[in-house]
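Work through the exercises below with the model open. Each task is followed by a stepwise solution.

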There are 2 protein chains.
Amino acid sequence: MNDFTFYSPTYFVFGKNKESETGIYVKRFQGTRVLIHYGGGSVIKSGLLDRVKKSLDSENISYIELGGVKPNPRSGLVYEGIELCRKEKVDFILAVGGGSTIDSAKAIAAGVVYEGDFWDFYQGLPITKALPVGTILTIAAAGSEGSPDSVITKEEGMFKRGASGEAIRPIFSILNPELTMSLPAYQTACGATDIMAHVFERYFTNTKDVEITDRMCEAVLLTMVKEVPKVITNPNDYEARANIMWAGMVAHNNLCGVGREQDWASHDIEHELSAVYDCAHGAGLAVVFPAWMKYVYHHDIMRFAKIANRVWGCDMNFDNPEETALEGINRLEGFLKSIGMPQNFTELGASEKDIERMADTACYGNGRSGEIGGFMKLKKEDVEKIYRLML
Amino acid sequence: MNDFTFYSPTYFVFGKNKESETGIYVKRFQGTRVLIHYGGGSVIKSGLLDRVKKSLDSENISYIELGGVKPNPRSGLVYEGIELCRKEKVDFILAVGGGSTIDSAKAIAAGVVYEGDFWDFYQGLPITKALPVGTILTIAAAGSEGSPDSVITKEEGMFKRGASGEAIRPIFSILNPELTMSLPAYQTACGATDIMAHVFERYFTNTKDVEITDRMCEAVLLTMVKEVPKVITNPNDYEARANIMWAGMVAHNNLCGVGREQDWASHDIEHELSAVYDCAHGAGLAVVFPAWMKYVYHHDIMRFAKIANRVWGCDMNFDNPEETALEGINRLEGFLKSIGMPQNFTELGASEKDIERMADTACYGNGRSGEIGGFMKLKKEDVEKIYRLML
């Protein structure tokens, strides 16, 4: 097992109607002047925003609002938010929405207290200072509610890049599974795929003998395999929504990644897809992961056989473990298809002609060295081949 | 799934030689005058205490020492520690040892800043204020390194009772698996049993549909079943020690308990054994748990069949699930025996004549109402019967 530190100090409040306690938590964590940050009209239409404001009112906490976050959140709104917060002397950022809204809120939180261009953080500068961020999560997907990470797309060039730092880890996160019930099946499935992808990125490692972390990864995946089909059939299944929502946090606060090398090539490969075609991140991952797996499984057949056996319930073929490994990948593809995810470039709206350019950006964009991935190092020609497996 | 809050803000530092960074973390968390609290001579003999002091010296942090913590830590030393800290104006408690040392340190930390008798906390008063506590863990067992709990035995009457509060949750915990290598096989096995018991207390619940938490519990148990026999055979197996040490934290920071009722009757039943006979807590649990399981499994046969199938690898008997349930309990007994744990009162040094009194104290002692347990409510006559199953 590799040495590690693990730190997940977010205060999680989980359950029905917990958004009505928002004001209590903002106050507990010393917010006095809040920016409520959100996306489109759904949080308004559903009445969620009103409930949140009412809760802030009841604690005499003042606030301003900034809506308009889009999926694959853009730098433009971040700049606008930073300026607004400075002008209005905001001391607490409250994200009401999914991963995009939370990531945008984190970028604003870091940018407000930084003299330079916030994009510096997305080019590698560690985030060491930020306004506190609280979240009210409406989509089980990105895990941003419990992570120190944020992904933003810079409009000039459509670069999609991540930043990280303990300072932007949410100080509290409110998770009410009921808020995810109104989510359409497609978005629900995209979120589920993202959650599973966060585990895959950590599961495929060259570090040996990290049984506890393997088992944690498998725990999340087994839960998803059981619970996701239920909510595709019945969006109002509270218990299944609750299991998925908590699994989404566990999948990405790094409990599933401690003590081991991780991969993350598939996220790099996907980020080009969602940056160029503006597809949902989860939908992109559903196309990328099986292709990546088919390309790399030879690197460690027994690890692929292990996930096939333990998560997908494949009988271990002791005479030919490769068959088990491949059967696991097949089952993943079948599962993703069954929940309505796209299978290839065509279904994703992607185009073969962009492959060379996307592979180039994935490997060299934004100062990268030409190699991605921790499980198997991938060069540009590897990434091109992986994209071609998605055609 | 029941509503819950989850908060685990401890900063965990895991890996080889990490105790040499102690000073850095004490400083980061604002300690300037430290009480180093420890047990017997092993931390001195092994050189651990010297390495810790050297690390504090290198950060110019002053300290005093208080050794002498015994297993099943006593109130006497806590009173002594409180007085010492007040006199010496200590602002940080550093526990170097196992669960007993950490629990004693937590009691001192809470007592120093409380005007009344610290035992009030162990009679139900919530702990809301305490000096910060850091830990350097030497035994994988109690999970106290990541929990808000402390168990102390009051010398007058030999009452063993727990207290709880976020204020006593360690602010940092250093986990170096190498430090556990010198532990004899018996103590290692006692610790492992304690870890598994923390999961059992959470696994056996009446709350339905908490798949993610079930799977987390199973992840820890499966890890223990794989890794513990390795360290009994080879105490210097670093990888196995590492897996067990991290599993011990995960088993008790409540990640395995969120969203559900828990039980904890077996801990209450065991506490009488270790209070009266001063046996190791883990050894007591090894005798209590199979007996408790045999007494209560009828309450939910399918839950016992589930753990038998998923953790102990028993084939599910679909015609007679009770057989599977019982086979799981058998396998647990076999496992505990194989790692050298006692099986009954005789091996534990306990005596039939004390049963009635212990059952009475477990159910009524220290202001209890007469019923214990969350999975199946147990009255005094039930507890007596469970003790008799251990003869």
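**Exercise 1.** Which residue in strand 1 of chain B is the bridge partner of A:Phe4?

Solution. The model is a predicted one. Step 1: locate strand 1 of chain A, residues 4-14, which is joined to strand 1 of chain B by seven bridges. Step 2: note the direction; these two strands run antiparallel. Step 3: read off the partner of A:Phe4, which is B:Phe14.

**Exercise 2.** Find what strand 1 of chain B pairs with inside chain B, and how the two strands run.

Solution. Step 1: the partner is strand 8 of chain B, residues 172-175, attached through four bridges. Step 2: the pair runs parallel. Step 3: for one position in register, take B:Phe12, which lies opposite B:Ser173.

**Exercise 3.** Write the strand order of the sheet and explain which strands stand at its edges.

Solution. Step 1: the order is 3(A)-2(A)-4(A)-5(A)-8(A)-1(A)-1(B)-8(B)-5(B)-4(B)-2(B)-3(B), an open sheet of 12 strands with mixed pairing. Step 2: strand 3 (62-66) of chain A and strand 3 (62-66) of chain B each have a single partner strand, so one side of each has no neighbour in the sheet. Step 3: on average, and ignoring direction, neighbouring strands here are turned by 25° against each other.

**Exercise 4.** Describe the side of chain B that touches chain A, by element and by residue class.

Solution. Step 1: the contact takes 31 residues from chain B and 31 residues from chain A. Step 2: on chain B, strand 1, helix 7 (211-233) and helix 8 (238-250) each supply at least two residues. Step 3: the classes on this side are 17 nonpolar, five polar and nine charged residues.

Note on methods:
Residues are numbered from 1 along each chain as its sequence is written. Chains are lettered from A and ligands numbered from 1 in the order in which they are written. This is a predicted model: local features need pLDDT of at least 70, side-chain atom pairs count only at pLDDT 80 or more; totals for chains, interfaces and linings use all residues. Two strands pair if DSSP finds at least two bridges between them. Axes are lines fitted to C-alpha atoms, for helices over the stretch in contact, and angles run from 0 to 180 degrees between N-to-C directions. Two residues are in contact if their C-beta atoms, placed from the backbone, lie within 7 Å. Ala, Val, Leu, Ile, Met, Phe, Trp, Tyr, Cys and Pro count as nonpolar, Asp, Glu, Lys and Arg as charged, and the others, Gly among them, as polar.
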